[in-house]
Amino acid sequence: MPDHPDIEEALNAIGERDHSITAEYRIFGPPGTGKTTNLTRQIRRAVKRFGKDSVLVTSFSRAAAAELAGQDLPVSPDRVGTLHSHCWHALGRPEIAEVHVEEWNRENPHLRITPAKKDRKLDGEESDEDLVDVVRGGDYWLGELNRSRGMMRSMELWPAALREFAAKWSHYKASRRVMDFCDLIETAVREIRIAPKRPDVVFADEAQDLNPMQLGLVRRWGENAQYFIIAADDDQTIYSWCGATPDAVLDPEIPEDHKIILKESHRVPRHVHARANRLIHQVTRRQEKVYDPRPEDGMCVDISRGGYKSPEYWILKTIMQHLENGQKVMLLASCSYMLHPVIAVLRQWGIPFHNPYRKAAGFWNPLRRGRKGSSTNRILSLLGDHPWTHSDLKLWAEWLSPKGILRTGARELIEASDDSLAVTTERLSELFEAAALESLLAASGDPKQLLQWWARRVAPAFHARVQFPVAAAMAGGPDALEESPRVIVGTIHSVKGGEADVVFLFPDVSPAGDAAYQKHGPQRDSVIRLFYVGMTRARHTLYICQRESPLAVTI
């Protein structure tokens, strides 16, 4: 893809301009247009011009930063990271308040705050999307506080209850000399005028996800560099509950020759592109971006039966057809509770699914193998190569009901065994009761029979945990547990940046979402942008599912 010639001229003219007005450049990347590739090219150019240690790259999430780092950039790893992470290091790695909330929760049980994991939060991997409609406890008020601060709203305009919570939270932080995640940005705005490591060029990826205070910090750092580049797509601004707004990206106005608009999608086919464009043109303010679709027609299909409450009918049948054709399928909703019926059906039919963009969410990743003792790993140890090792035996035998299956003292013998040693028939006879051993040996030649033998003898406490991986292995064999699932399930927020051959999009919204959609202006726009992002995940086929109630978006 050729670079924008005007950008080249503008970059070459650095030093001949009014720096305060024209230090900023913007890359607008519509869905699938290769924003990361273009940004990588700009980073390489800056390094070539100013040197290896001349750049600082920020991103909203670690996943995006890792994607950039994976482009084999000629920069040090510590120069690529999230904005929060850069600030945290620059401020001396302070203790984080949201990580240490035990005492707060004891003192304020009605304002309980869910403890955060520092690394995941600094890396942008913890999402608060499901807190939008929660009961007004501590998580809600902390989210409202962060949003108001991030949008730089005057405290005088805050509701009285929010001011009361803010005062209490500030006292808690001060008494323990800790900083919250919003403090990292706010303090950096106040105290760090030049970006960490004094770069000549600053890059900000996923800038549409940053709130005004965060973008204000990027711009302050950029104005003290030779120039800075913001990569964004205002049409994909969907983190409004964090204070993100397209205005923060679009303002202030910059010269047209300081904008790159990427002009060809490598993802979105013609029919999906046309329908998504009709939707996004309903918003009241945006940067116009004319870009071409992928040179394939694709399909947009309106499903007249089968919404998120009834996925076991037409939708399930269609999913199976696409999987048989080797395609990846994505099931998307605006709220996570709308995915519960879908997940129940996938579990019932033993269809593997995951959410690779929210790996820490166990509900969306039930077959993950991160822990050795997971249900998936225990089943794989059972169905793996024979003879078993004692390491295998320890895993799959640990969850067996002892009565009538294991001999007295068998668990202690298994635990004391050398993991690397093979398990012989003689060894099994020492460990298992005669009837159990006979049925085990009879089943061992057939993976399905062996799995059924094990599943029927698992202790009741573990029944719920093994039900789905057993169903998946029965339907697809061990490969179903080892291979990456071809079904992705998640909220639209959770998969931003992702794609699939086929997307099923539920048009329903929550009562709060519907209230926003019924208004005119920024609130309605935020709902439209959300569904625009959902639609443009599709590489070939987009299914618009049946609405389940009047609370739905017209797509």
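**Exercise 1.** Determine whether Asp-234 and Lys-289 are buried or exposed, and describe how their side chains meet.

*Solution.* Begin with accessibility: Asp-234 and Lys-289 are both buried, where buried means under 20% relative accessible area, exposed over 50% and partly exposed in between, with a 1.4 Å probe and protein chains only. This is a predicted model, in which local features need pLDDT of at least 70 and side-chain atom pairs count only at pLDDT 80 or more, while totals for chains, interfaces and linings use all residues. Residues are numbered from 1 along each chain as its sequence is written, and side-chain values use heavy atoms, with hydrogens and water left out.

Next, take the contact: Asp-234 forms a salt bridge with Lys-289, with 2.8 Å between the closest N and O atoms, the term requiring a side-chain nitrogen of Lys or Arg within 4 Å of a carboxyl oxygen of Asp or Glu. Asp-234 sits in the loop between S5 and H12 and Lys-289 in the loop between H13 and S8, 55 residues apart; helices (H or I, at least four residues) and strands (E, at least two) are DSSP runs, numbered from the N terminus.

**Exercise 2.** Find which other salt bridge joins Asp-235 to a lysine, and what network results.

*Solution.* The side chains of Asp-235 and Lys-289 form a salt bridge at 3.3 Å, N to O. Asp-235 lies in the loop between S5 and H12 and Lys-289 in the loop between H13 and S8, so this pair ties together parts 54 residues apart in sequence. Finally, salt bridges with shared partners join Asp-233, Asp-234, Asp-235, Arg-286, Glu-288 and Lys-289 into one network.
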